[in-house]
Amino acid sequence: MSDDNKQDENTLIAERRRKLAALREHGNAFPNDFRRNSLADELQQSYGKHEDEHLREEDVQVKVSGRMMVKRVMGKASFIKLQDRTGQIQLRLERDRLPEGVYQSFKKWDIGDIVGATGSLFKTQTGELTIMATEVRLLTKSLRPLPEKFHGLQDQETRYRRRYVDLIMNEESRSVFRKRSEIIAYIRSFLDSQDYLEVETPMMQTTPGGALARPFKTHHNALDMDLFLRVAPELNLKRLTVGGFERVYEINRNFRNEGVSTRHNPEFTMLELYRAYADYEDLIVMVEALLKGLSQSLLGDPVVTYQGESYDFSKPFDRLTVEDAILKFNPKIDRTKIRDRDYLARVATELGVKVDDSSGSGKLQIEIFDQTGEAELRQPTFVTQYPTEVSPLSRRNDHDPFVTDRFELFIGGREIANGFSELNDPEDQEERFREQAANKAAGDDEAMFFDADYIRALEYGLPPTAGLGVGIDRLVMLITNSPSIRDVLLFPHMRPEIFE
RNA sequence: GGGGCGUUAGCUCAGUGGUAGAGCAUUCGGCUUUUAACCGACUGGUCGAAGGUUCAAAUCCUUCACGCCCCA
């Protein structure tokens with residue numbers, strides 16, 4: 001026994017340890033020679049509708065295994081239920097149909113133990129498909145009691161910290177993570193069918209880039225150098241576009257050294273894709289098609305219901321420029337002064353936003369929008385024309401260089417996606433990096449680093465390209481109707497548990 | 001960082017100043033078609049931690065830890 005788990009030892013665990021010790025005395029307590037030939041749900045599908053009489057005539061012999069979730073002992077006969085990855089199946093154990101002594105041993109087994117069994121199918125009086133066991137074996141002794149059978153595991157903290165227990169007990173939780181996997185599989189097939197190439201680029205970078213965010217820092221001992229965990233794969237993916245991979249994507253983790261909340265985890269999963277010879281309008285069309293297909297495929301309906309609100313993904317989404325959004329949610333703002341720095345600074349201050357001396361009118365516009373507009377955008381809405389000042393990697397609009405050809409998609413008051421026509425003018429990019437580096441030097445932790453190699457790559461020529469990022473966790477929240485990002489992360493970030 | 005709520009048996013939860021409780025689980029006994037099986041008996045607690053108020057604290061106060069929600 002380690003010191004770590006001594007703390008929560010109790011009489012229930014001690015009892016099970018005694019049972020395990022007894023098992024060890026009678027041979028291998030952890031055998032690995034049982035092989036099943038059937039899964040619970042496959043049996044339900046194949047035989048669930050058969051009559052009892054018919055099943056007995058057929059004499060269907062099956063071998064199953066799983067975790068014992070139900071145990072009802074009635075003297076010389078018992079019912080148990082085993083849970084495997086597909087579901088549950090009931091077994092009937094009768095003393096006189098099992099080898100000598102097996103039934104007596106079984107009575108000592110506990111809910112939570114891993115069991116293998118052989119037998120033939122029949123149906124009980126109430127019509128439940130059941131296996132009449134002729135052999136049962138304890139395959140793994142479980143030392144820790146499971147939560148109470150009816151309420152399951154309710155405690156949020158324990159559900160996150162001991163996800164394995166949550167998964168054993170809560171089908172809804174298992175379902176969320178199966179759906180998460182299906183969502184990602186759908187996105188891959190959607191992109192693969194359009195000839196996108198999936199790639200992997202470094203998590204550890206000497207120069208972090210691709211987003212305005214504070215990075216995590218780490219250190220490589222052998223090389224004695226600091227490294228950063230990536231905040232985005234963007235610059236590497238565009239290097240690949242320069243290299244001729246005209247359609248690339250990556251679904252992987254980003255790391256941002258910021259607060260934790262219902263919508264933020266320090267590491268989160270992002271889809272980023274780049275498509276040469278396309279612009280942000282093409283991406284808007286693509287995002288609409290992706291979400292519609294995803295919803296239809298996963299939910300069987302293009303309408304997603306999230307926390308009591310409905311979003312119809314079969315219709316084109318609303319569109320609004322940043323400036324129109326600001327005016328819509330702040331009717332008192334003077335339209336003619338929407339790019340007036342001093343005016344915006346006053347408005348921002350009135351809204352309680354801390355105004356930085358270095359913030360220009362573009363940055364102030366975004367802060368006002370974040371403060372007043374974002375949460376109000378419930379129905380799917382593309383907000384477009386982001387200020388150049390806050391979009392250092394986006395292509396300027398041909399008619400209005402104050403803004404870029406960029407959008408963000410909001411659903412339910414949350415940012416789900418971000419896309420733009422890429423800035424492929426190396427001299428403009430160099431200028432923007434200089435501004436970012438100056439902001440960083442002035443104390444802005446979220447400003448970008450100057451990435452000289454990225455400029456060099458652009459100097460070889462990045463074709464006209466559009467790029468998109470989609471927050472996978474938030475998308476999974478929407479599709480699975482989960483209120484917190486922690487509900488869609490198997491192991492959400494938590495402060496360490498104290499083992500005394 | 002600020003505010004609100006929470007932390008009691010392995011689990012789910014009662015208990016707002018006067019002897020720590022229930023159901024499930026465990027243990028023992030009974031029961032050969034159960035469905036949160038049932039019947040009987042028993043067991044199980046540093047009431048998140050530390051300090052304080054009080055004759056007396058799970059309960060009131062302070063600080064801290066962890067979690068949840070909202071705000072920044």
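## Exercises on a protein and RNA strand B

A base oxygen of RNA strand B lies 3.1 Å from an N or O atom in the side chain of Arg92. The model behind these exercises is predicted.

**Exercise 1. Describe which parts of the protein and of RNA strand B meet, beginning with single atoms and ending with the surface.**

Step 1. Beside the approach of Arg92 to a base oxygen, a polar side-chain atom of Glu94 is found 3.4 Å from a base oxygen of the strand. In the side chain of Asn10, an N or O atom is 3.2 Å from a sugar or linking oxygen of RNA strand B.

Step 2. Turning to the atoms of the strand that are within 4 Å of the protein, we find that 59% belong to sugar or phosphate, while the rest belong to bases.

Step 3. There are 43 residues around RNA strand B, and of these Arg72, Gln125, Thr126, Lys149 and Glu157 come nearest. Sorted by class, the surface near the strand has 18 charged, 13 nonpolar and twelve polar residues.

Step 4. At least two residues of this surface are supplied by each of α2 (11-25), β1 (61-74), β2 (77-84), β3 (87-94) and α6 (156-161).

**Exercise 2. Decide whether Gln90 is buried or exposed, and work out which residues it touches.**

Step 1. Gln90 lies in strand β3, and its relative accessibility is 6%; since buried means under 20%, Gln90 counts as buried.

Step 2. Leaving aside residues up to four places away in sequence, Gln90 touches Arg72, Phe79, Ile80, Lys81, Thr124, Glu128, Leu129, Thr130 and Ile131. With one of these, Thr130, the side chain of Gln90 makes a polar contact of 3.0 Å.

Step 3. Thr124, which is placed in the loop between β4 (114-123) and β5 (129-140), touches Phe79, Gln90 and Thr130 when residues up to four places away in sequence are not counted. Thr124 also counts as buried, at 15% relative accessibility.

Step 4. From Gln90 to Lys71 the separation is 19 residues in sequence and 9.8 Å in space, taken from C-alpha to C-alpha. Lys71 itself lies over the face of Phe106, at 5.2 Å from the ring centre.

**Exercise 3. Classify the ring pair of Phe317 and Phe382, and explain why it ties together separate parts of the sequence.**

Step 1. The count of aromatic pairs comes to ten. In the pair of Phe317 and Phe382, the ring centres are 5.6 Å apart and the planes are at 25°; because planes under 30 degrees apart count as stacked, this pair is stacked.

Step 2. Phe317 belongs to the loop between β13 (309-312) and β14 (318-321), whereas Phe382 belongs to strand β15 (residues 381-384), so the pair ties together parts that are 65 residues apart in sequence.

Step 3. Both rings belong to buried residues, with a relative accessible area of 6% for Phe317 and 0% for Phe382. Together with Phe313 and Phe407, these residues form one aromatic cluster.

Step 4. A further ring, that of Tyr386, has the charged end of Arg406 sitting over it, 4.5 Å from its centre.

**Exercise 4. Explain why helix α16 (residues 472-480) is largely enclosed by the rest of the structure.**

Step 1. Among the buried residues of α16 are Ile472, Asp473, Arg474 and Leu475, and the list also includes Thr480.

Step 2. Nine of the nine residues of the helix are buried, and therefore α16 is largely enclosed by the rest of the structure.

Step 3. Just after α16 comes Asn481, which takes a positive phi of about 55°.

Technical notes: Residues numbered from 1 in each chain as written. Chains lettered and ligands numbered in written order. Predicted model: local features only at pLDDT ≥ 70, side-chain atom pairs only at ≥ 80, totals over all residues. Heavy atoms only, no water. Near = heavy atom within 4 Å. Polar contact = N/O pair within 3.5 Å; in protein donor to acceptor, adjacent residues only side chain to side chain. Helix = DSSP H or I, 4+ residues; strand = E, 2+ residues; numbered from the N terminus. Nonpolar A, V, L, I, M, F, W, Y, C, P; charged D, E, K, R; others polar. Phe/Tyr/Trp six-rings, centres within 6.5 Å; stacked < 30°, edge-to-face > 60°. Buried < 20%, exposed > 50% of the residue type's maximum accessible area, 1.4 Å probe, protein only. Lys NZ or Arg CZ within 6 Å of the ring centre and 35° of its normal. Contact = heavy atoms within 4.5 Å.
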